[in-house]
Amino acid sequence: MATETGERTEAGETEPDYPGADRLLDHRRVERILRGSLYAVAGLLLAFLWVPLGIMITLSFAQNPVTLFPFEGLTLANYQLALASESMRQSLVGSLTIASVAASIATVLGVLASFALTRYRFKFRELYRTFGIIPMVVPGIILGVALRIYFQSLLDVLPGFTTVVLAHSLYGLPFVILIVTARLYTFDESLEEAARDLGADPITTFRDVTFPVIAPAIGAGFLFAWIRSFEDYIRALFLAGPNTDVLTIWMFSRIKQLDAPELNAVSSLIVFGVAVALAVAMNYGNVTGYVAGTVAEDEEN
Amino acid sequence: MPCNEDRQAESTSSGTSGIGRRAYITGAGATGFIALAGCAGGSGGGGEEGEMTEGEMTEGEMTEGGSSGDSGGTTTINVITWEEYAEMQENIESTLDGVELNITPSTSSTEMFAQWNSGQDEQFDIAVPNNNLVRRFMDADLVAPIDQDAVASFDSMYDKFKTFVDQQFTAGGEAYGVPIRFGWYGYAYDTRTVPDHEPSYDILFEEDYVDADLDGEIIMYDEAAKAMPATALYLGFEEELQGSEMTFSTDQIDQMQQALVDQKPRLQGYIAADPTFIQEFQQGNFLVGQSGRNEVIQMRTEGADWVEYVVPREGAMAWYETAVVSAASDNQETAWEVVNEFLAPQNGAALAQAGFSPSTNPAVSEELTQEQNELYGSIDPARLDGMIPFKDIASDVEEEYVSAWEEVKAA
Amino acid sequence: MAVGDPEETNRAAVVRLLSTRYGSLGITTGPALLWIAALLLAPLTFMVVVSFLEVSPISYEIIYEPTLANYEGLFDATPWWDTPFFTALWLSYGIATVTTLLCLTLAFPLAYLLARRGGRTFKIIIFLVLLPFFTMYLVRAYSWVLMFGPGGVINSTLIGVGLTDGPIELFNYGIPAIVVGLTHAYFPYMLLTLYASLDGLDFSLIEAARDLGASRVDVVRDHVVPLTLPGIIGGSLFVFVPSVGAFITPRFLGQGKVQMIGMLIESRVVGTYSIGYASAASMFVLVSIIGAMVVAFRYVTIEDLGGG
């Protein structure tokens with residue numbers, strides 16, 4: 001693949017020197033070559049994204065779990081090992097619990113805040129919005145250390161389940177706010193007015209009119225906050241206690257040892273799980289819109 | 001803030017200690033969440049008060065794990081120690097009725113100390129640091145004296161370690177630490193490439209000590225407590241290592257720093273975890289590596305007959321991991337019973353097999369095969385005689401010592 | 001919260017509350033405000049305070065006497081920038097800058113393609129990009145641990161097919177490996193941000209410029225770049241900031257030889273609980289990141305980065 005791109009780029013560079021060419025023809029050719037090299041570059045990039053993961057998945061089936069050469073044959077033993085590991089299961093359950101609780105908190109807070117940001121004008125609104133986004137950009141190590149010394153040295157609270165959940169709920173908040181405010185901005189408020197005119201109180205209006213429309217956005221926000229919590233290591237490192245089981249901490253200590261045949265299997269299972277979830281999600285909702293909307297301009301604007 | 005729900009969660013848990021911790025966490029989390037959702041809306045202030053309540057919940061959770069033994073259920077003993085100790089977990093849990101172990105793996109004694117001293121001594125019952133850190137645990141009043149009745153195996157230990165305990169881990173007539181297993185640090189090399197030579201730290205630091213290109217082929221320990229003393233021995237600061245702590249001058253620390261900085265370009269890297277060392281040595285990632293005896297023995301039993309392990313002529317640093325029990329633990333007696341189990345022949349054998357290091361209890365060798373005993377099971381501690389036990393750094397130069405290592409890592 | 005009240009009364013109370021301006025404002029802004037105040041502002045403020053305090057080396061208790069010792073410790077060398085702290089900080093900035101530029105260069109063509117193509121191709125490509133994006137960061141970093149190293153997949157493959165005799169230094173663990181690992185980790189952020197801004201781009205404008213005789217380079221320089229500037233800046237910020245504070249990637253791919261600022265802070269806290277030093281060091285990182293954001297926000301608004 002690499003050589004292919006090389007040739008194409010080279011061809012593209014020499015093209016303008018083509019003597020006495022018909023300008024239109026030349027134009028089309030350049031266009032074609034450019035498009036071709038664009039595809040080639042895109043292909044290379046996807047390869048860059050996928051090759052390490054692909055190799056990891058391959059190794060999860062290999063008898064020699066660290067490197068491709070020498071290849072010693074295929075096996076499912078790594079998966080059996082992974083699924084049989086009690087400590088792995090414990091930390092998986094721990095992480096699922098933490099992520100679900102933290103994301104739920106973040107979602108409730110984020111949805112409420114989004115209503116405030118889109119429906120009301122109030123003093124310091126922009127400041128409020130900015131601080132709602134900041135937990136996302138503060139480096140994890142700094143947030144982790146700050147919360148650790150705050151809890152431990154100021155409040156005398158030892159690290160544990162609650163501290164991890166609190167940290168993660170804060171970390172997830174911006175993702176919910178970004179996605180839900182984006183949706184609320186495009187929401188047709190006259191629908192709500194109509195409901196109110198017909199005598200519905202605010203709660204009924206929210207339940208029957210607003211919620212069904214913004215539910216996908218809320219779901220996406222929850223999912224983002226959930227994933228952020230589930231994959232976080234550094235904040236959990238500083239805030240987890242001896243009885244807090246966290247999958248990333250379990251994995252990190254295995255990776256540090258470089259000696260866990262089940263590691264590839266666990267990691268591959270995570271990739272498979274995400275793949276299925278993502279495929280389903282993409283068939284049902286505008287995932288791209290939410291994702292791009294999260295990290296960038298709202299697509300629907 | 002009317003967050004009564006939090007307290008409710010706590011009382012529920014203490015009422016039903018039979019429920020698993022997991023169920024409790026889930027329940028408490030869910031209740032806490034509902035409580036928060038319910039009562040957070042009303043108030044804009046009082047944040048800290050709210051946090052405090054949550055904090056109590058954390059401790060509630062901890063207590064659930066740590067000390068519900070009073071109510072007759074299981075007692076969970078929280079241990080922070082080296083990875084291989086997990087091998088003994090199952091057997092200890094089946095031997096001691098109603099005791100569950102929760103092992104947090106660690107790769108550094110200083111980290112164990114930092115965690116305990118910053119307040120987590122309330123969350124852990126047992127730590128197993130190296131001998132050099134035990135004194136610090138004692139000085140910081142973190143540890144409880146040995147419960148002699150619970151640690152019945154203490155007497156079956158090699159005399160040498162009993163002497164160590166008397167000399168180093170005793171204060172005010174009370175002993176505080178129980179040595180569990182031991183070993184020493186020298187270096188290992190790949191005999192296929194590195195020729196025979198007189199063992200010396202020079203090989204790690206000097207370019208032409210042996211007739212082999214070792215650039216980018218050397219590994220040092222990724223921990224000040226192990227890499228720095230080796231450097232000191234290389235530089236001939238042996239005297240400073242003889243007392244009860246390492247008494248380097250700032251000038252000597254500077255020299256050690258410089259030697260390590262000069263060495264850095266020749267390193268393949270710094271490695272902390274034994275399995276990583278073995279894995280990479282076997283992959284051929286390096287040729288010479290500062291290492292413990294156990295890693296090399298493990299490699300040899302796995303068939304790597306090309307590894308040679310030597311004790312440098314300048315001397316080797318000896319270690320013996322020593323179990324201590326937290327003074328803040330509610331289950332000190334049970335904790336010492338667990339420590340006693342670490343020394344029991346069957347458990348000691350499991351630990352020796354997993355870590356390729358000898359137990360401090362000679363009776364352990366009865367549980368091992370003759371081959372295992374020759375390799376690692378039955379090592380006469382008299383071999384430690386010429387070696388220097390690990391020491392803590394003298395407190396007046398500790399800061400220079402720590403930052404010298406940081407300079408090396410940053411160079 | 002009154003427990004045991006009939007549901008209807010509760011509901012009526014909430015409805016009443018919601019129909020007043022302050023009531024509804026309080027209910028909607030309050031909870032998140034509480035969270036931000038108690039879990040973001042208070043801890044960061046406390047961190048600032050701690051950076052001016054020392055911790056007892058014996059008991060690890062904070063000694064509440066203001067001191068500049070922590071900051072002096074950061075500069076304690078001649079020349080002052082020669083401390084481990086600054087070495088680590090510059091290195092982190094350097095690595096983050098290279099990573100950002102690499103992500104930008106790599107992401108642009110793909111984002112352009114995505115913005116111009118629809119349908120099946122688009123869906124497949126976006127799926128292939130999003131999947132690593134949603135996969136655990138740790139898993140992605142780990143996958144590079146397998147790739148690099150003298151005996152890693154890259155080197156052993158090169159040796160296996162006979163392209164080289166011994167391992168190539170470039171593919172050993174070290175700074176290049178870290179840059180690759182970080183690029184892999186944060187590339188999707190750049191791509192999606194760029195895609196979002198390119199997606200809003202009116203391509204007929206570009207075609208018009210081309211028809212008027214502008215060269216490709218001119219078009220990119222005069223139209224594409226200015227119009228996607230918010231995306232470029234936003235994406236760069238999303239790559240640069242986490243790269244500066246990276247911990248896992250340099251930890252796995254540096255083989256102990258590379259010390260970035262996140263690792264230094266971690267080792268100070270975990271190793272010796274020097275929270276004063278760690279806080280002072282964090283202040284520098286935080287201030288420089290805020291600086292970068294202030295500069296960035298001169299060109300883009302927070303709305304450009306998301307939300308509305």
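This talk goes through the chains, the cores, two interfaces and some of the salt bridges of the structure above.

Please keep in mind throughout that this is a predicted model, and that every value I mention has been computed from it.

Let me start with the chains themselves. Chain A has 13 helices and zero strands, and of its 301 residues 58% count as buried. When we look at contacts in chain A between residues at least 6 apart in sequence, 69% of them join residues at least 24 apart. Chain B is built from 16 helices and 15 strands; it has 411 residues, and buried residues make up 61% of them. For chain B, residues 24 or more positions apart account for 75% of the contacts with a separation of 6 or more.

Turning to the interior, the largest nonpolar core has 271 residues, and those with the most contacts inside it are M251(A), I126(B), F137(B), I180(B) and F342(B). Helix α4 of chain C, residues 84–116, contributes the largest share of this core, with 16 residues. If you would like one residue to look at on the screen, take F342(B), which, leaving aside residues up to four places away in sequence, touches V79(B), Y85(B), M88(B), I92(B), I126(B), V128(B), I180(B), N347(B) and G348(B). There is also a second, separate core of 45 residues, and I203(B), V210(B), I253(B) and A404(B) are among its members.

Now to the interface of chain A and chain C. How many residues does the contact take from each chain? It takes 111 residues from chain A and 102 residues from chain C. As a reminder, the size of an interface is often given as the accessible area lost when the parts come together. Here the area buried between chain A and chain C is about 9500 Å², with carbon and sulfur atoms giving 79% of it. On the side of chain A that touches chain C, the largest share, 20 residues, comes from helix α2 of chain A, which spans residues 23–60. The rule finds zero salt bridges between chain A and chain C, while the count of residue pairs in polar contact, both at pLDDT 80 or more, is ten. One residue to follow from the side of chain C is P109(C), which is found in helix α4 of chain C and which touches L38(A) and V41(A), again not counting residues up to four places away in sequence. From P109(C) to G23(C) the distance is 50 Å, C-alpha to C-alpha, with their positions 86 residues apart in sequence.

Chain C also has an internal division, into domain 1 (1–50) and domain 2 (67–296). The centres of these two domains of chain C, taken over C-alpha atoms, are separated by 38 Å, and four residues of domain 1 are in contact with seven residues of domain 2. Together the two domains of chain C bury about 440 Å² between them, 76% of it on carbon and sulfur atoms. M47(C), V48(C) and V50(C) supply 87% of the area that domain 1 of chain C buries against domain 2 of chain C, more than any other three residues. Between domain 1 and domain 2 of chain C the count is zero salt bridges.

Finally, the charged pairs. Over all chains the count comes to 21 salt bridges, and I will show you a few of them. D139(B) and R135(B) meet in a salt bridge at 3.9 Å, N to O, and they are separated by about one helical turn because they are four residues apart in helix α6 of chain B, residues 131–139. R136(B) and D392(B) pair at 2.7 Å, N to O; R136(B) lies in helix α6 of chain B and D392(B) in strand β15, residues 392–393, so this pair ties together parts that are 256 residues apart in sequence. R136(B) counts as buried at 17% relative accessibility, and D392(B) is buried with a relative accessible area of 13%.

Which chains does the last pair join? E406(B) and R268(C) meet in a salt bridge at 2.6 Å, N to O, and since E406(B) lies in helix α16 of chain B and R268(C) in helix α12 of chain C, the pair joins two chains. Both E406(B) and R268(C) are buried. In chain A, to finish, R125(A), E126(A) and R129(A) are linked in a network of salt bridges.

Key: Residues numbered from 1 in each chain as written. Chains lettered and ligands numbered in written order. Predicted model: local features only at pLDDT ≥ 70, side-chain atom pairs only at ≥ 80, totals over all residues. Heavy atoms only, no water. Core = buried A, V, L, I, M, F, W, Y, C linked by side-chain atoms within 4.5 Å. Buried < 20%, exposed > 50% of the residue type's maximum accessible area, 1.4 Å probe, protein only. Contact = heavy atoms within 4.5 Å. Domains from an automatic or database assignment. Buried area = accessible area lost by both parts, 1.4 Å probe. Salt bridge = Lys/Arg side-chain N within 4 Å of Asp/Glu carboxyl O. Polar contact = N/O pair within 3.5 Å; in protein donor to acceptor, adjacent residues only side chain to side chain.
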